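Me: I would like to look closely at a single part of this molecule and then at what surrounds it. Please give me one connected account in plain terms.

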Amino acid sequence: MLTIVVVVVTGLLIVQRLWLTALATLAASITGGLIVDFVKAQVNRPRPDIVEHLVTVSNMSFPSGHSANSAIVYLTLAGLASQVTEHRATRRYLLIVAILLVGAIGCSRVYLGVHWPSDVLAGWSFGTLWALAWWLATARARRAIGGERHAFGTPPADPPPDPSAS
């Protein structure tokens with residue numbers, strides 16, 4: 001599901017000609033996911049066995065990949081969108097929705113019996129810090145290059161027709 005969200009949003013950003021935001025969205029999502037997988041393999045913590053798992057799982061427990069990756073994707077999207085969105089209410093809405101999604105996904109992992117609460121907390125922590133780092137890096141890059149071509153809702157004007165082409 002997160003892959004679909006990233007692909008769809010990146011497509012929208014490309015259509016809107018928000019090249020820096022599209023690139024940052026892809027880079028943050030891909031690199032963050034790779035780091036989570038690497039840490040899981042290094043820590044190699046088994047899943048909880050206190051209760052029966054309500055879903056089938058096959059890899060290690062720490063950190064929670066669902067918690068980390070949802071924080072990476074949803075918080076990065078909200079943060080990067082805040083840089084190219086004019087209205088404060090829209091920025092707040094996006095951040096609130098992202099926080100609710102990330103919270104619900106993390107809590108569901110404990111409820112399903114497939115993660116310890118510390119796994120989820122570690123995933124949330126990493127994902128939040130990763131999103132914050134990408135928000136900051138993208139803001140600095142945007143400042144350095146003089147901003148994106150435009151913000152959502154104000155697409156660049158089409159060039160005037162060439163009178164000599166008639």
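Reply: Let us begin with the length of helix 4 (88-111), where helices are DSSP runs of H or I with at least four residues, numbered from the N terminus. Helix 4 has 24 residues, and at 1.5 Å a residue they should span 34 Å; the C-alpha atoms at its ends are 34 Å apart, so the two values agree. The expected span is 1.5 Å times one less than the number of residues. Please note that this is a predicted model, in which local features need pLDDT of at least 70 and side-chain atom pairs count only at pLDDT 80 or more, while totals for chains, interfaces and linings use all residues. Residues are numbered from 1 along each chain as its sequence is written, and side-chain values use heavy atoms, with hydrogens and water left out.

Within helix 4, the buried residues are A98, V102, G103, G106 and R109; buried means under 20% relative accessible area, exposed over 50%, and partly exposed in between (1.4 Å probe, protein chains only). These buried residues pack against helix 3 and helix 5 (117-145). Just after helix 4 comes G113, which has a positive phi near 80°.

A98 and V102 also belong to the largest nonpolar core, which has 11 residues, the others being V5, V6, A71, V73, Y74, L75, L77, A78 and A131. At least two residues of this core come from each of helix 1 (2-15), helix 3 (65-84) and helix 4. The greatest contribution, 6 residues, is that of helix 3. A nonpolar core is a set of buried Ala, Val, Leu, Ile, Met, Phe, Trp, Tyr and Cys residues joined through side-chain atoms within 4.5 Å. In soluble globular proteins, nonpolar side chains tend to be buried together.

L75 shows this packing in detail. Apart from neighbours within four places in sequence, L75 is in contact (heavy atoms within 4.5 Å) with S70, L95, A98, I99, V102, T128 and A131. There is also a second, separate core of 5 residues, among them A28, V36, I72 and W130.

The positive phi of G113 invites a look at one further residue. Most residues other than glycine have a negative phi. R17, however, is a residue other than glycine with a positive phi, near 65°. R17 is found in the loop between helix 1 and helix 2. Its relative accessibility is 35%, and therefore R17 counts as partly exposed, whereas R109 of helix 4 is buried.
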